[in-house]
Structure formats: structure tokens, C-alpha cells
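Subject: Structure handover

Dear colleague,

Here is the structure I said I would pass on. My notes on it follow below.

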Amino acid sequence: MKKFICAPMATLSHEAFRLAVETFGGCDEYFTEMINASSLLTMGPFEKYYLLDGPCPEKIVWQLTGWDIDHMTQAAGLLSQKAGIGIDLNMGCSAPQIYKTGAGISWMLKPLEESRKLVKEVKSILPREKRLSVKCRLGAEDFTEDSFFTFTDMLVQEGVQCITLHPRTIKEKYRGNPKYSYAAKLTDRYKNDDVEIILNGNISDYASASYALSQAPDCIGLMIARAAAVKPWIFDQIRSQLSAEEKGILYEANHKVDRKKTALDFIENVQKCQPQEFWKTRIQRFFNYYCQQFKFGHYFQSRLLNYKGIEESVFEINDYFEKQADEQYIYY
């Protein structure tokens, strides 16, 4: 069975969200939201919340972002002392506010030796038992196959043990179909190097997961991002369907979900796991996606995004399901 990995998502990949996913059987790895290396080293009043590793510390992958090699290396050293699988270097974020500072996908666009230095120094500081991984894209709009593989060859040469590929360019963001063939090429290229390849992009249900795997069958796993906020049970759902397919049996939708309870539990866990200053953004971010699955999702979404406080959010959830009682329970 393939691994299932929860993607790093700003203001979303935190402990309260992991608790929601774990309620439905969880996944194999949880990437944290991007941790800014320089901010971590200053240890401001909110940094400790980015370091929470519940409810399953052994599944955590700490994702670092930044533009300063020394800061990235020091931050990796601090994070390597915590529980978890290892450190991931964000070399794929294409958000302008990230890459214009020299972070994210900028590491794919800089002189190769500069990026090599970062990878080498971070690798040198990690304990042997900690995995070093990199999440990347294909590169700039004018990338070539040679330029892409020159970059990934460097990663492997410097000891990166796992590469997560979102096979789109810097400007494609979420537009167009991911070029899954590049993930297949990576698995073939490094089949003798003991390097794991994770595929990310456009995976939102069983059909899209099956298609992605058909295009890159030797990837060790699939990373799912926003769809996990729409349906926190998506990992268990796809895993169960793939398992039935492998066994040659008919898949039966017999897992019951109380979608009202899931929503209310998330709000409760945000209060437990996040500072009050974060409650608004965390609740808005989650329900921006979670509400999309409902019949009157746009209305429901607008009510939750118009955040006025915890009590009002709880009221809106109860009110919606009182009016749409037939939507409270589903089976997968």
C-alpha cells in the first residue's frame, strides 16, 4: 500500500487540523506548515505553536522555509532535536511573498552551488536517524528537462533521501494538469539511489489518486493538500478504496461521518492548540475548504468566513445543520 502524506499548508497544517484527520484513521506523514527559519531562531511569542507535534509526534515532518543558509541550518538543528521523521526544505512554494524574498522556489532558480551549499550544510547537522527531504516544483516557466534533473541530481548527491514533486512550474500554481510523468522519471532515475519520491498535485478523491498512481506507479506515496480540509477523512477513504481494488473486492461505503461534529470538534481543538490571536485565521482557512462539500456550501462558507468569534461560529454551524439536517451524516 502506498503512503499517504498530508501537505504543508499555511495556517492549516497545525495540531488542530491533524487531530481532525487522525479522527478518521490519519495518514502516514504530516508535514507542518512552513516554519520560517529566521523567526524560529528569534523565538517570538507565537513560535512555540508552530512546534506543537500532537497527536502523533512520530509522523511529523518539520518543513523549513527561508533565504539565509546559516539561519536555515541552525533552525534545522533545533528541529532535529524534536520527535518526528525529519526535516523538509521548502524549495517549491511559488507564492510571490515567499519566493521574492529568496525563499521557496527561489532555491530552484538560484545558482546551483548556492542551493547545494544549503542542502549540504543542513544535511551535515542532522542526526543520522533523521530524514532530509525537499519539496519542489519543476522550476521556472522556461525550465528544461536538463535543468530540472541537474537540480534533483544535486539534491541526491548531497544526501536528500526523499523528494516531493508538485509537477508544475512557478506560474502554473494550481492551473492546468500536473506533469505527473516527471515523478515517474524521478523514480526511474533514482531507483538505485534509495531515494523516495512523493507525488503531489490535483489529488482530491479516489479517481484522481488512481490516475496519478497510474502515471507514476513507483512513487512511494501521494501527498494531499486542500482536499484534506474539504474532507479530513479523505486519506482513509482513498486508502480503503485502493485496498478493496487490490483485493479485487467491491468497496462498500460503511464508514459514517458526522460532519457537524467534525466542524465543532475542529473549533474546539483550535481553542486548545492555538493562541487566541490565531483563532480567526485558522477557523476561516479551514472552513473556506470544508464548506465546499455542502449543498449550500457558498452560504455556509460566507457565514463562517465572516468570523465574529467562537460563539458565533458555533452558532452558525448548529444553525446550518438544523436547517439542513439531511447533510449532517454521510458514509464513505
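I start with helix α14, which has 15 residues and reaches 21 Å from its first C-alpha to its last, close to the 21 Å expected at 1.5 Å a residue. Please keep in mind throughout that this is a predicted model.

The buried residues of α14 are F278, W279, R282, I283, Q284, F286, F287, Y289 and Y290. An α-helix has 3.6 residues a turn, so residues three or four places apart point the same way. The cover over the buried residues of α14 includes α1 (15–22), α3, α11, α13 (259–273), α15 (297–305) and α16 (310–323).

Y289 is one residue of α14 to look at on its own. Its relative accessibility is 10%, so Y289 counts as buried, the limit being under 20%. Leaving out residues up to four places away in sequence, Y289 touches L12, R226, A229 and V230. For orientation, Y289 and F148 are 141 residues apart in sequence, and their C-alpha atoms are 32 Å apart in space.

Next, the pockets. The largest pocket holds about 770 Å³ of space. It is lined by 34 residues, and those closest to its centre are P8, M9, Y174, A225 and R285. Two or more lining residues come from each of α5 (96–99), β6 (131–136), β9 (221–224), α11 (227–230) and α14 (276–290). By class, the lining of the largest pocket divides into 17 nonpolar, 11 polar and six charged residues.

The second largest pocket has a volume of about 250 Å³. Its lining consists of 16 residues, with M34, I35, N36, Y50 and T65 closest to the centre. At least two residues of this lining are supplied by each of β3 (35–36), α3 (47–50) and α5. Seven of the lining residues of the second largest pocket are nonpolar, six are polar and three are charged. Helix α5 is thus listed for the largest pocket and also for the second largest pocket.

Closed space is a separate matter. How many cavities of 30 Å³ or more does the structure hold? There is one. The largest cavity has a volume of about 50 Å³, and its lining is made up of S13, H14, E15, R18, T32, E33, Y49, Y50 and L52. Both α1 and α3 supply at least two residues to that lining. By class, three of the residues that line the largest cavity are nonpolar, three are polar and three are charged. Y50 deserves a second look when you view this region, as a residue in the lining of the largest cavity and among those closest to the centre of the second largest pocket.

On the cysteines, the count of disulfides is zero. A disulfide needs two cysteine sulfur atoms within 2.5 Å. The sulfur closest to that of C27 belongs to C6 and is 5.2 Å away, which is too far for a bond. C27 counts as buried because its relative accessibility is 3%. C93 is in no disulfide either, and the nearest cysteine sulfur, that of C136, is 13 Å away. With a relative accessible area of 18%, C93 is buried as well.

A few points of backbone geometry remain. The peptide bond from G54 to P55 is cis, with omega near 0 degrees. P55 is found in the loop between α3 and β4 (60–65).

Which residues have a positive phi although they are not glycines? T11 is one, with phi of about 60 degrees, and D194 is another, with phi of about 55 degrees. T11 is found in the loop between β1 (3–6) and α1, while D194 lies in the loop between α9 (181–189) and β8 (196–200). As for accessibility, T11 is partly exposed, with a relative accessible area of 23%. D194 has 72% relative accessibility and so counts as exposed, the limit being over 50%.

That is what I have for now.

Best regards

Definitions and conventions. Residues numbered from 1 in each chain as written. Predicted model: local features only at pLDDT ≥ 70, side-chain atom pairs only at ≥ 80, totals over all residues. Heavy atoms only, no water. Buried < 20%, exposed > 50% of the residue type's maximum accessible area, 1.4 Å probe, protein only. 1 Å grid on protein atoms, 1.4 Å probe; cavity = no way out; pocket = protein on both sides within 12 Å on 5 of 7 lines; lining within 4 Å. Points joined across faces, edges and corners; volume = space filled by probe spheres on them. Helix = DSSP H or I, 4+ residues; strand = E, 2+ residues; numbered from the N terminus. Nonpolar A, V, L, I, M, F, W, Y, C, P; charged D, E, K, R; others polar. Expected span 1.5 Å × (residues − 1). Contact = heavy atoms within 4.5 Å.
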